[in-house]
Amino acid sequence: MNHVEETYDIVVVGAGHAGCEAALAAARMGFETILFTVSMDSVALMPCNPNIGGSSKGHLVREIDALGGEMGKNIDKTYIQSKMLNRSKGPAVHSLRAQADKGEYTKEMRRTLQREPKLTLRQQEVTELLVEEARRVTGVRTCSGAVYHAKAVILCTGVYLKARCIYGDTIAYTGPNGLSAANHLSDSMAESGIGIRRFKTGTPPRIDRKSIDFSKTVEQKGDERIVPFSFENKAEDIARDQISCWLTYTNEETHRIIRENIDRSPLYSGVIQGTGPRYCPSIEDKIMKFPDKDRHQLFIEPEGEFTDEMYLDGMPSSLPEDVQYRMVHSVPGLENAKIVRNAYAIEYDCISATELKSSLEFKNVEGLFAAGQINGSSGYEEAGAQGLMAGINAARKLQGKEAVVLSRADGYIGVLIDDLVTKETKEPYRMMTSRAEYRLLLRQDNADLRLTEIGHEVGLISEERYQRFLKKKKMIESEISRLEATSVGASREIQSFLTEHGSTELRTAATLADLLRRPEFTYAALAPIDTERPSEGITEEVAEQVEISVKYEGYIERQKQQVEHFRKMEEKRIPEDIDYSLVKNLRKEARQKLEAVRPVSIGQASRISGVSPADVTMVMLYLKI
């Protein structure tokens, strides 16, 4: 029997947010790449929430952009509302979030993929990994029997592996939105020695805009001043009319309906076996686990500019259809709401990312990489970040170059991947600012300063963009130095200026940097007494970096010292072939965990759950480091 047989450099399986970033990175780095999807309609699909970014996730998107990825550019093209979250708090936790037009987001990403010269987009289900006896991947086979040879394969299967969607007694063996599941690949993975486990996530009902009484809800508008996700864009270039979201709340009646029908929830009846995300629980989980809360927020979010579907953020559920109607109708403003799509839970196969190196390559199958929800994470942004790094590292492997591994001190992407490959995640992993130890250094506003040089070095940042970046960086450094060196005396004019701004008068001369460190002053507010301020080059972005660097100098320096200690621990390398059975006084649990994870450094070993500081000391004594 004859079958199609083709050869590519890199195969990417799955065209969700991870797959798109992986395929674009590989192709842009010069490799012939083929990207498989179960359906063209699933390319960059947003099956759940209609937004990109948010707390900590906005950091990931800006880091993706700084490295040369696509997600930030795509949301800038297709957003319908934009907000900077946590503005009342310090800059370390500011996070950009944008509502997306779901349909346009998918279309734009698909256009981008199809325009990439070295990238082929193919609708076909991949059913088998081709692995040599030497434990090296050589390609994939599809459901039609076609064989695609490759030097590297990246698995970005999302929630499609043996997926089933469930609400009440209704079970559909499909992926999200009724798209085909991938029912064979996880068996092939298991045959290659890859461990498979089961996770689940959920999505809320979508309701018809025409059936909502908005007078009983609170309007949520976007920011007047837009901040782009991509460092290549300016606010004025992407400005457009924004669409409002709306806020309402559950109440005791909603909670009563859920409690009385909890036995009909597949989450509680045992129908669903997969582990769900702790930080994005179903509405029934919220009600049962937090019985003292008398209400929960629900955000009504438009799914796009040209649709009446509204996303009921805060009400993911797997309750039966009739219960969903009753609980929705109990909410103010939704008394007559019509459900367009039922809420459902989705179960799927995934792996433990501890089987991966920090490069996202499997430890036991050379040339095979994995990224996104297959690794046990949740979220579009987490997936996109992993996809970009997997694409970069697959390409670097083919170039014969060392993998790019971001540390926890380099970016949120580094924290994300290190957590996944080092710590055994028992539930879908979600990025949070609290997971980042050095978050004052890893702000979303300075992602370009941290990562653009890496993006340029691997070939994803153009020379033109890189030169603009160097000019910005030089301007920031120059302006900080000027403020530190420029003094103002205690003249009557200066004293009057200080008094007008509620600031204490000077006893002796002070630098402009000293004044900027006072909480009542901003960089802009000092302009009247800063007579030597450059008339050109001080953009809003430059001014922001100058102000943050000066105001938080003490805290930043302290965190840099912590990073120095961290890097020293990371530099203490552990040989790949270490035999932990020879390490004396090592507890059994620690030995098992160290054997499973195979940490590359003492720093990584210290972060493994179940490995104590005493265990780490025993390893260091054995290695004499």
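The following legends describe close-up views of a predicted model.

**View 1. Helix 14 and the elements that cover its buried residues.** Helix 14 comprises 23 residues, from 463 to 485. The distance from its first C-alpha to its last is 33 Å, close to the 33 Å expected at 1.5 Å a residue. Its buried residues are R465, Y466, F469, K472, M475, I476, E479, R482 and L483. An α-helix has 3.6 residues a turn, so residues three or four places apart point the same way. The buried residues of helix 14 are covered by several elements, including helix 2 (57-67), helix 3 (71-78) and helix 13 (447-458). Strand 24 (510-511), helix 16 (512-516) and helix 17 (540-551) are also among them.

**View 2. Strand 3 and the burial of its two faces.** Strand 3 spans residues 33-37 and is mostly covered, with 5 of its 5 residues buried. On one side lie T33, L35 and T37, and on the other I34 and F36; all of these are buried.

**View 3. Strand 3 with its partners, strand 2 and strand 7.** Strand 2 (residues 10-13) runs parallel to strand 3, and 4 bridges join the two. Within this pairing, V11 has I34 of strand 3 as its bridge partner. Strand 7 (residues 119-123) is likewise parallel to strand 3, to which 5 bridges join it. Here I34 stands opposite T120 of strand 7.

**View 4. The β-α-β unit that contains strand 3.** The unit consists of strand 2, helix 1 (residues 17-28) and strand 3, and it is right-handed. Strand 2 and strand 3, the two strands of this unit, run parallel.

**View 5. S56, a residue with positive phi in the loop before helix 2.** Most residues other than glycine have a negative phi. S56 is not a glycine, yet its phi is positive, at about 70 degrees. The residue lies in the loop between strand 4 (51-53) and helix 2. S56 has a relative accessible area of 0% and therefore counts as buried, the cut-off being under 20%.

**View 6. R598, a residue with positive phi between helix 19 and helix 20.** R598 also has a positive phi, of about 55 degrees, although it is not a glycine. Its place is in the loop that lies between helix 19 (588-597) and helix 20 (602-606). R598 counts as partly exposed because its relative accessibility is 24%, whereas S56 is buried.

Key: Residues are numbered from 1 along each chain as its sequence is written. This is a predicted model: local features need pLDDT of at least 70, side-chain atom pairs count only at pLDDT 80 or more; totals for chains, interfaces and linings use all residues. Side-chain values use heavy atoms; hydrogens and water are left out. Helices (H or I, at least four residues) and strands (E, at least two) are DSSP runs, numbered from the N terminus. The expected span of a helix is 1.5 Å times one less than its number of residues. Buried means under 20% relative accessible area, exposed over 50%, partly exposed in between (1.4 Å probe, protein chains only). Contact means heavy atoms within 4.5 Å. Two strands pair if DSSP finds at least two bridges between them. A crossover is right-handed if, with the strands pointing away from the viewer, the path from the first strand over the helix to the second runs clockwise.
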